[in-house]
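Biologist: Please show me the sequence and the structure. I should like to put some questions about them to you.

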Amino acid sequence: MASTPALLPADEDGIRLPVQDAGHTWINPRGWLTPDLVRNLAILITGLAIVLAVLASVQASGGKAGFEEIGHKAGPQVVASSDLYLALNNMDAQLANALLIGNAQGLRVTREQVLGDYEAGRRQADTDLQKASALAGDDQRAATALRQALDGFGHYQALAAQAIQLDGQHPHPAARPSPAVLTLYRQATSEMKGTVLPAAEALRTANADRVESAYQSRYRALNVGAGTVLGVGLAVVVALAVLQFSLARRTRRMVAPALVVATLVALGGTILATFTFALAADHLRVAKTDAFDSVLALTRGRAIAWDANADESRYLADPQQADLYQTAFYTKANELVDTGSVHSGGYETSLGQDVSRYQGSAEQGRYIVTFGGLLGKEFRNITFPGERAAAEDALERWQIYQGNDARLRDMVAGGQLQAAVSFDTSPGDNASNGSFTAFDAAMRRVIDVNDEQFTENIKTGGDDLSGWTVIPPVGAVVIIVLVLAGVRPRLAEYR
Amino acid sequence: MRCLRSGCSGSIEDGYCDVCGFPPDGTASAPSAAKVGALANHGNRSPGGRAGAGAGTATTGADGRAGSTGGGSTPFAILGPAAGVPDEVLARTLSGRVASRRASGDGSGKAEARGGRAGSGTSGSRPAHGTQGTRGSRGSRGSRGSRGSRGSSGSSRRGELGAGLVEMPEVPERDPATAIMQDPSVPEHKRRCGHCDAPVGRGREGGPGRSEGYCPKCGTHFSFTPKLGPGDLVGGQYEVLGCLAHGGLGWIYLAKDRNVSDRWVVLKGLLDTGDPDAMEAALAERRYLAEVEHPNVVKIYNFVQHGDAGYIVMEYVGGRSLKELVLERRAAGEPLTPAQVMAYGLEVLRALGHLHERGLVYCDFKPDNAIQTEERLKLVDLGGVRRLEDEEGAVYGTVGYQAPEIADEGPSVSSDLYTVARAMAVMSFEFGGYTGVHRTGLPDAADVPVLAANPSFDRLLRRAAHADPDERFWSAQEMTEQLTGVLRETLAAQDGKPRPAASTLFGPETRVVGARMGRAPTFRQAASALPVPLVDPADPGARNVAALAASAPEQVVSALDHDRPRSVEETLLLVRALIERRQQERAREMIMALDEADWRAHWFWGLAALAEGDGAAAIGEFGRVYDLLPGETAVRLALAFSAEAVGDSAGAVHLHRTVWRTDHSYENAAFGLARALVAEGDDRAAVQVLTEVPASSGRHLDAQVAAVVVAIRGWAPDADPIRWRATRRDLLAAADRVEALDLPEERGARLIALLLEALVAELDRSGDPPPDRRVLGVPYTEKALRGALEGVYRDLARLSTSRSRRRGFVDRANFIRPRTAF
């Protein structure tokens with residue numbers, strides 16, 4: 001392939017200068033004249049620089065849009081749909097409490113207070129529904145779920161209102177609502193469980209899936225973009241080096257300062273861009289998998305806890321179906337902290353063993369988690385400062401709450417129904433409801449820790465990328481200008 | 001058997017008395033008278049006769065040799081048929097038919113030539129014509145002869161031997177007194193009958209031989225005792241001092257002219273006859289010899305009678321005969337060079353030319369008959385001289401020298417020239433068998449180193465000594481011109497110094513082709529560059545030709561290509577124009593209409609062939625012209641071009657070199673030689689040749705450029721690695737040469753670029769530049785050279801009109817420039 005380039009023919013005197021004839025081959029770059037080589041390399045570099053700039057800018061803006069979507073649009077919607085689930089459970093729990101309390105006096109909480117809580121839960125659910133409906137327009141599955149949720153929610157409110165009204169017309173002591181009220185309540189709560197909550201769950205899942213897929217594509221795009229930018233950037237650097245080398249060899253000028261600067265700019269820009277994109281991808285990953293997923297899991301866990309607490313109240317308010325509610329309670333408790341035991345007393349014992357084992361290992365700094373469930377999951381996914389402390393607090397308070405629950409069931413078994421109702425509904429620290437409130441607060445703190453990290457990473461990642469929609473074009477322009485400045489005097493010779 | 005005559009003490013041998021010469025029957029007086037009459041009739045025109053070599057050998061008389069000294073050369077006198085001479089001495093009778101026979105030969109020769117031409121014309125290529133080619137060529141030769149009289153190379157001579165060109169053997173003048181024999185006697189073994197060459201006067205049975213008597217075979221009287229003694233006064237004015245030598249007609253005496261300031265003279269006997277009337281007639285007949293006045297011919301002062309004998313008084317020539325010189329030099333191991341032989345030949349031709357102009361022929365030239373004394377060569381022994389129109393007289397000649405046709409046709413100018421050529425051959429190499437196997441013709445040149453080494457000389461000898469008189473040179477003048485040309489070539493070959501001279505047959509080169517070595521000339525260009533044969537002013541169309549000389553070929557053709565008869569010169573001009581116009585076929589028709597004997601027919605036929613690139617045919621034709629005109633440089637140039645045309649670069653080198661070496665005005669030869677040398681791979685010699693082109697030449701610049709280009713060839717990036725590479729000194733010399741040239745900008749820039757490339761390449765390879773040396777105006781360092789080279793390439797780029805070339809030059813400038821940071 002290295003055929004010698006054709007030289008100019010000898011002249012009349014037989015002088016044959018080693019000057020290359022212009023009729024050179026286009027196939028073999030060795031046969032190119034210097035200006036052709038230089039110009040072609042300059043064009044190549046310009047093209048590559050533009051490609052690099054476009055690529056980097058597109059990646060930056062795409063990444064930024066990813067942060068925007070996950071951090072400020074889809075993310076909050078998912079949180080909202082999780083909140084909706086929570087609020088709905090809260091409403092049903094307060095309804096159960098209202099029926100449980102009746103017109104009994106002397107308890108630490110009154111019927112009016114409970115009904116006020118119910119009302120607050122209803123308003124929260126309305127707000128969440130409104131938030132969640134923002135995405136129903138473009139997602140068929142979410143829209144169906146929302147319609148079902150709204151439909152079921154209206155039906156549930158009607159039944160609940162009848163039950164509350166009927167219960168108010170027939171005052172009764174605590175834990176002794178009239179059978180008609182109980183019938184209504186059963187209808188209401190089955191509406192809640194059978195229609196509204198699944199719809200809310202479907203809504204939440206749809207939103208979560210959307211976040212998940214957005215995250216997947218954005219994350220992959222950021223990583224691929226980083227690699228591509230690195231590749232193209234290195235190609236620019238190599239082309240610049242080849243240009244520099246060719247000029248040095250063919251014109252015996254060792255250094256072209258503009259080209260050296262251009263090479264440095266290209267190299268630095270490429271490394272920085274690659275690093276930035278990789279970092280942004282990591283921020284996104286942290287925000288999504290470390291923080292956001294925890295928030296979702298914990299919110300769901302909180303909702304389950306609320307439902308379990310409601311089952312406790314239903315256990316007292318509806319003696320005919322007390323066994324069913326007790327079983328439901330432990331099922332949900334296992335969903336939150338899975339100890340493998342679904343029986344009254346057994347669960348508490350198992351939980352105690354797991355907690356003490358964890359605490360024992362935590363002192364040695366090994367953190368052995370033997371329990372499952374959503375909280376167990378959270379314990380296995382502790383990544384942020386303050387998260388462990390908050391989680392341990394929540395676990396501790398869950399244990400207290402379970403202890404109080406065991407006492408409550410002992411009171412019911414001992415026939416002390418009024419005392420049990422009082423214990424159940426009392427917001428005091430040593431009472432069941434009070435300890436649950438403390439657990440819920442602890443759970444919220446864990447969520448807050450993760451939520452803060454989520455917000456933090458979304459913000460940082462977005463801020464990191466925000467400059468990179470502008471820097472690459474500027475850098476490319478700088479490189480192109482430098483290349484032209486370095487090449488122009490050489491090309492000018494050949495005019 | 002004793003002689004019967006009274007008072008005679010001789011004895012009869014072979015029928016005659018060896019003392020009184022009479023036959024034993026006593027009736028000898030009648031045949032004796034008849035014999036004497038015959039001798040008087042024929043012999044009185046040859047007073048030297050048998051004694052021809054006498055004067056020549058006079059100076060060597062001391063060694064006792066007389067007459068013919070060589071064993072193989074036997075001089076002979078040719079007598080009339082009545083004498084009944086023995087055949088073994090090659091005596092032949094001349095008849096008076098010569099002139100008429102030759103006249104008839106003229107016509108028949110022409111017809112023959114036509115036949116040959118027609119035959120060759122149909123076959124398309126001309127066969128070697130051999131001898132018949134110039135038969136009947138008298139017409140053309142005549143015209144050439146008349147042109148030759150317009151001054152020639154001979155006029156430049158200073159009258160010195162070797163013409164100041166050749167270093168000749170020195171022969172000091174000898175004091176005649178020392179040449180006198182103390183005891184004038186002839187050794188017995190050399191005593192032979194002057195008539196029949198039979199041994200006479202030999203001693204028998206211990207007794208000494210007689211010094212006087214009669215030949216026992218033919219009865220002729222012989223006497224080996226001098227008739228004159230010291231102190232005798234001959235003719236009342238010549239005082240005899242003694243004998244110098246013995247010749248065929250008796251003793252040769254040295255005498256002093258009492259009347260003319262005691263100058264030395266030589267007395268030589270005329271015919272030994274007792275008849276005073278016959279003697280008177282003989283003297284009268286030979287008087288014209290005294291009219292011959294030429295520095296190269298011995299001067300005849302007088303004819304005198306003394307007693308009953310007649311004597312011819314001539315200038316004393318003290319020196320050495322060519323024969324002696326040749327033998328001496330050969331014995332000394334340094335034979336005469338061809339150049340020296342040619343110088344002698346030129347002197348002889350001068351003398352013969354003089355004789356021929358006076359209507360005389362010398363007849364008997366041989367090395368014995370020319371004596372060199374100091375710086376002069378003189379023909380002695382005018383005994384064989386006779387008038388051209390004389391159809392009856394005796395003809396003398398010597399075996400090995402005399403022309404073969406002499407017996408039938410008698411002596412002629414061309415037979416004289418034949419003897420000169422034979423003598424030159426004998427003198428220039430050991431010509432074994434020149435009286436035998438090669439009595440006519442020369443040995444194969446391949447067997448004779450001298451001839452092989454001097455092809456022109458060889459051809460000259462072969463033409464001059466051709467068996468057919470019509471093939472020979474036509475005049476001494478013509479032979480002199482060609483011999484001078486050959487001599488110039490030979491001398492130039494010896495010392496490398498050119499010997500230029502204008503030709504009488506050819507003009508100068510019309511143009512110089514191939515001076516720019518990058519473009520080899522086409523054959524047509526080469527043909528058009530060759531010198532043109534000069535126009536014969538006597539030609540009827542000469543004025544017309546002169547008027548058309550400067551016209552374009554088209555005009556010449558339109559002016560001359562018509563149906564009216566053309567003169568020879570007009571035809572030749574037309575032929576040349578047709579060849580230039582690529583109408584070879586028409587040109588050939590014209591040539592065929594010419595007299596084939598004219599060498600110009602061959603010349604133009606060859607020219608047409610060369611123009612077509614048919615080198616082989618051109619070589620044949622030009623070779624024929626070379627045979628005829630071996631001294632013409634133009635012919636060798638034509639042959640050189642033809643050799644190039646057939647791709648024979650070695651032959652082209654040889655031919656171009658002989659031309660260029662001889663005459664630097666043939667610049668085509670210089671460039672042709674350089675071209676052929678490059679083709680042979682001898683770049684170095686090519687450079688040397690190119691630098692020889694003189695500064696006065698219009699092509700000096702081209703030659704200098706070509707010298708530089710050829711010298712640098714070996715350093716080209718793509719040059720064959722085995723090619724000779726100029727040394728640094730060569731390159732620097734080339735650079736100095738380039739600096740001295742005044743070249744146009746672009747050409748100069750290209751040349752300097754080439755040179756700088758080579759310098760840089762050489763420096764890259766060899767390194768170690770000498771400090772403080774400057775070359776082409778810059779310091780001799782790689783950096784400076786590269787800087788200069790960059791500048792030159794940028795200049796070339798600026799001068800270039802084509803963009804692609806400009807880019808190429810700038811590219812090279814960048815590639816070769818000195819390394820810098822930015």
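Biologist: At roughly what angle do the axes of helix α22 (residues 649-662) of chain B and helix α23 (residues 667-680) of chain B cross?

Modeller: The model is predicted, so to speak of local features requires pLDDT of at least 70 and side-chain atom pairs count only at pLDDT 80 or more, while totals for chains, interfaces and linings use all residues. Residues are numbered from 1 along each chain as its sequence is written, with chains lettered from A and ligands numbered from 1 in the order in which they are written. Helices (H or I, at least four residues) and strands (E, at least two) are DSSP runs numbered from the N terminus, and axes are lines fitted to C-alpha atoms, for helices over the stretch in contact, with angles from 0 to 180 degrees between N-to-C directions. The axes of α22(B) and α23(B) come within 8 Å, and they cross at roughly 150°.

Biologist: How are α22(B) and α23(B) oriented to each other, roughly parallel or roughly antiparallel?

Modeller: Angles under 35 degrees count as roughly parallel, over 145 as roughly antiparallel, 65 to 115 as roughly perpendicular and the rest as oblique. With a crossing at roughly 150°, α22(B) and α23(B) are therefore roughly antiparallel.

Biologist: How many residues of the contact of α22(B) with α23(B) are nonpolar?

Modeller: A contact requires C-beta atoms, placed from the backbone, within 7 Å; here the participants include B:Val653 and B:Trp660 of α22(B) and B:Leu673 and B:Leu677 of α23(B). Ala, Val, Leu, Ile, Met, Phe, Trp, Tyr, Cys and Pro count as nonpolar, Asp, Glu, Lys and Arg as charged, and the others, Gly among them, as polar. Beside three polar and two charged residues, the contact has nonpolar residues numbering 11.

Biologist: In which hand does α9(A) pass α11(A), left or right?

Modeller: The axes of α9 (residues 387-413) and α11 (residues 432-466) of chain A come within 8 Å and cross at roughly 160°, which means that α9(A) is roughly antiparallel to α11(A). A crossing is left-handed if the near helix is turned anticlockwise from the far one by less than a right angle, and right-handed if clockwise. By that criterion, the crossing of α9(A) with α11(A) is left-handed.

Biologist: Which helix of chain A gives the most residues to the largest nonpolar core?

Modeller: A nonpolar core is a set of buried Ala, Val, Leu, Ile, Met, Phe, Trp, Tyr and Cys residues joined through C-beta atoms within 7 Å; buried requires 20 or more other C-beta atoms within 10 Å of the residue's own, exposed 12 or fewer, and partly exposed lies in between. The largest core has 144 residues, and A:Ile45, A:Leu88, A:Val236 and A:Ala394 have the most contacts inside it. With 29 residues, the leading contributor from chain A is helix α1 (residues 34-101).

Biologist: How many residues does chain B bring to its contact with chain A?

Modeller: Chain A brings 25 residues to the contact, and α1 and α4 (179-251) each supply at least two of them. The chain A side divides into 12 nonpolar, four polar and nine charged residues. The number from chain B is 31.

Biologist: What percentage of the residues of chain B are buried?

Modeller: Chain A has 12 helices and zero strands, and 48% of its 495 residues count as buried. Chain B has 29 helices and 19 strands. Of the 822 residues in chain B, the buried share is 52%.

Note on methods: Two residues are in contact if their C-beta atoms, placed from the backbone, lie within 7 Å.
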